[in-house]
Structures are given as C-alpha cells and as structure tokens.
Amino acid sequence: KVYCGRMIWVKIVNMPSSMLARAINGVIPSEKKDKVSFPSDVKSAIAPLFEPHQLEQRYGGTAPDCPPSETYPFRFFPRCRGGEHEVP
C-alpha cells in the first residue's frame with residue numbers, strides 16, 4: 001500500500017511471440033493496461049525516455065552493450081537525474 005499508484009509505465013521488450021503478449025496482456029488489470037506496452041521497435045520506444053549515456057547502444061543509447069554475463073551487479077551512471085542536474 002505504501003507504493004500504490006507509482007507505476008508510470010512498463011515496456012516489455014524482446015517478447016518471443018505476439019501470442020504470449022496477448023496472454024500476458026490478458027492478466028493485466030484493465031486500469032493498468034494503458035501503462036503497459038510491448039514495443040516492436042524498442043529503440044524508438046525507449047530512447048526518448050533515458051539519457052543517451054545510460055542506455056545501451058542496442059536500445060538506442062551511447063553506452064556500450066553489456067553481455068548477459070555482466071548485467072549484475074547493476075551499473076550506475078553519472079548524472080542519473082539528467083544533464084541539467086549537477087553532481088553534488
């Protein structure tokens with residue numbers, strides 16, 4: 001209840017089939033369906049939502065692509081709040 005209503009959006013990428021997407025979409029509550037999407041063109045869908053240096057090249061950013069074996073621990077980026085914010 002503390003975090004109720006904080007989901008702005010969810011983009012599910014690399015979905016293996018449209019049939020699976022329909023099945024997943026069927027279990028999402030109707031009031032949340034407008035916040036969930038399955039973009040077919042991932043670069044154009046998510047690139048405007050992030051700073052380019054925080055997004056891997058395969059997703060339309062400028063950060064180097066990270067192999068699956070190196071995705072954890074998570075990488076944290078400078079200027080995570082955007083270019084106009086100063087680093088303290």
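## Briefing: fold, surface and the W9 cluster

Along the sequence, the protein chain runs in the pattern β-α-β-α. That amounts to two helices and two strands. The model is predicted. W9 takes part in an aromatic pair with F50, and the charged end of K11 sits over the ring of W9.

**Chain as a whole**

- The protein chain has 88 residues, and 17% of them are buried.
- About 7,200 Å² of the protein chain is exposed.
- Carbon and sulfur atoms supply 59% of that exposed area.
- Take the contacts between residues at least 6 apart in sequence: 41% of them join residues at least 24 apart.

**The aromatic pair**

- How many aromatic pairs does a search of the whole structure find? The search finds one.
- W9 and F50 form this pair, and its geometry is edge-to-face.
- The ring centres are 6.3 Å apart, with 90 degrees between the planes.
- The angle between the planes is over 60 degrees, so the pair counts as edge-to-face rather than stacked or tilted.
- W9 lies in the segment before β1, and F50 lies in the segment after α2 (42-46), so the pair ties together parts that are 41 residues apart in sequence.

**Around W9**

- Strand β1 covers residues 10-11, and W9 belongs to the segment before it.
- Is W9 buried, partly exposed or exposed? W9 has a relative accessible area of 36%, so it counts as partly exposed.
- F50 is also partly exposed, because its relative accessibility is 36%.
- K11 places its charged end over the W9 ring, 5.4 Å from the ring centre.

**Nonpolar surface patch**

- Which residues make the nonpolar surface patch? They are I8, W9, L49 and F50.
- The patch measures about 400 Å².
- Both partners of the aromatic pair, W9 and F50, are among the patch residues.

**R22 on helix α1**

- Helix α1 spans residues 18-27 and includes R22.
- R22 counts as exposed because its relative accessibility is 58%, and the cut-off for exposed is over 50%.
- R22 and F38 are 16 residues apart along the chain.
- The C-alpha atoms of R22 and F38 are separated by 9.8 Å.

Methods
Residues numbered from 1 in each chain as written. Predicted model: local features only at pLDDT ≥ 70, side-chain atom pairs only at ≥ 80, totals over all residues. Heavy atoms only, no water. Helix = DSSP H or I, 4+ residues; strand = E, 2+ residues; numbered from the N terminus. Buried < 20%, exposed > 50% of the residue type's maximum accessible area, 1.4 Å probe, protein only. Patch = residues over 30% accessible without salt bridge, like charges linked within 9 Å, V, L, I, M, F, W, Y side chains within 5 Å. Areas by Shrake-Rupley, 256 points an atom, 1.4 Å probe, with all protein chains shown as cover. Salt bridge = Lys/Arg side-chain N within 4 Å of Asp/Glu carboxyl O. Phe/Tyr/Trp six-rings, centres within 6.5 Å; stacked < 30°, edge-to-face > 60°. Lys NZ or Arg CZ within 6 Å of the ring centre and 35° of its normal. Contact = heavy atoms within 4.5 Å.
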